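Visitor: Could you walk me through this model at the bench, one question at a time?
Guide: Gladly; here it is.

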Amino acid sequence: MDKTDTPYDKAIDIFEGLVEQPLQKIVSGPLPLARTVGLATTSGYRAVAIAESEGLLSRSTGGAYLRGPSALATGLSALGFGEFALVAEPVLIQLRQSTRLTAFLAVLSDGTCATGPFSSGRGISFITPQRHYSVLMPPAFDPDGLAEISLAHQFEAVAAQRAVISCVSERRSKRCIVGVLLPGTREVTGNELRSELAKAADLLCSHSETPA
């Protein structure tokens, strides 16, 4: 690393180091996080503090580092849906609590699904989404605005995950969606699940800064 790097530059390095970690890997404490990018103890602690203060990082109730609100806003803004960044987390937590399934926000575009913030389900429904999926077939939304889709790991043609989604907003060729990941061979989308998904989509729209 260049010795002329400023503390803010090092904070960005810390953030990038976290982003490169697998989503299911838990990184707790400033020192382990600093070590992921090769920073010394003193500068590492300072860089982590700056990253937190700038909103690049936040912490879960268990102390694990997560992407912070500034990071979510930047990522969603780059995809054209930045107004959902601040309201996504509480809506996803509520959706996960009501369904016990992993709830997520994502952007569909050109046969790909880029996942953003998520809240992991419980028990057998504890599924961590991949950052990017391929969508095997275009979603066919029913009259209630819901669709079930099959997701594949990038560059693969076999479904790795199934999800039920609701469209929150559509702009040009991109759709911002909220959804839940289905565990195992679950086939039936019950009325309660459909209702909770529709409610989550409505909450995101009504609480966003810009109407969908």
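Visitor: Which residue stands opposite Leu105 in strand 8?
Guide: This is a predicted model, where local features need pLDDT of at least 70, side-chain atom pairs count only at pLDDT 80 or more, and totals for chains, interfaces and linings use all residues. Residues are numbered from 1 along each chain as its sequence is written, and side-chain values use heavy atoms, with hydrogens and water left out. Strand 3 and strand 8 pair in the antiparallel sense over 7 bridges (two strands pair if DSSP finds at least two bridges between them; strands are DSSP runs of E, at least two residues, and helices are runs of H or I, at least four, numbered from the N terminus). Opposite Leu105, in strand 8, stands Val178.

Visitor: In what order do the strands close into a barrel?
Guide: The barrel has 6 strands with antiparallel pairing. From one strand to the next, the twist averages 45° (angles run from 0 to 180 degrees between N-to-C directions, and axes are lines fitted to C-alpha atoms, for helices over the stretch in contact). The order is 3-4-5-6-7-8.

Visitor: Which residue of strand 7 stands opposite Glu148?
Guide: Strand 6 (residues 146–153) pairs antiparallel with strand 5 (residues 132–135) over 3 bridges, and there Ser134 has Ala152 as its bridge partner. Strand 6 is also joined to strand 7 (residues 161–171) by 6 bridges, again antiparallel. Facing Glu148 in strand 7 is Val164.

Visitor: How do helix 5 and helix 6 run, roughly parallel or roughly antiparallel?
Guide: The axes of helix 5 (residues 85–99) and helix 6 (residues 191–207) come within 10 Å and cross at roughly 170°. Angles under 35 degrees count as roughly parallel, over 145 as roughly antiparallel, 65 to 115 as roughly perpendicular and the rest as oblique. The two helices are therefore roughly antiparallel.

Visitor: How much space lies in the second largest pocket?
Guide: On a 1 Å grid over the protein atoms alone, a pocket is an open set of points where a 1.4 Å probe fits, with protein on both sides within 12 Å along at least five of seven lines; lining residues have an atom within 4 Å of a point. Here 14 residues form the lining, with Leu108, Ser109, Gly111, Pro139 and Arg175 nearest the centre, and strand 3 (103–109) and strand 8 (174–182) each give two or more residues. Grid points are joined across faces, edges and corners, and a volume is the space filled by probe spheres set on the points. For this pocket, that comes to about 150 Å³.
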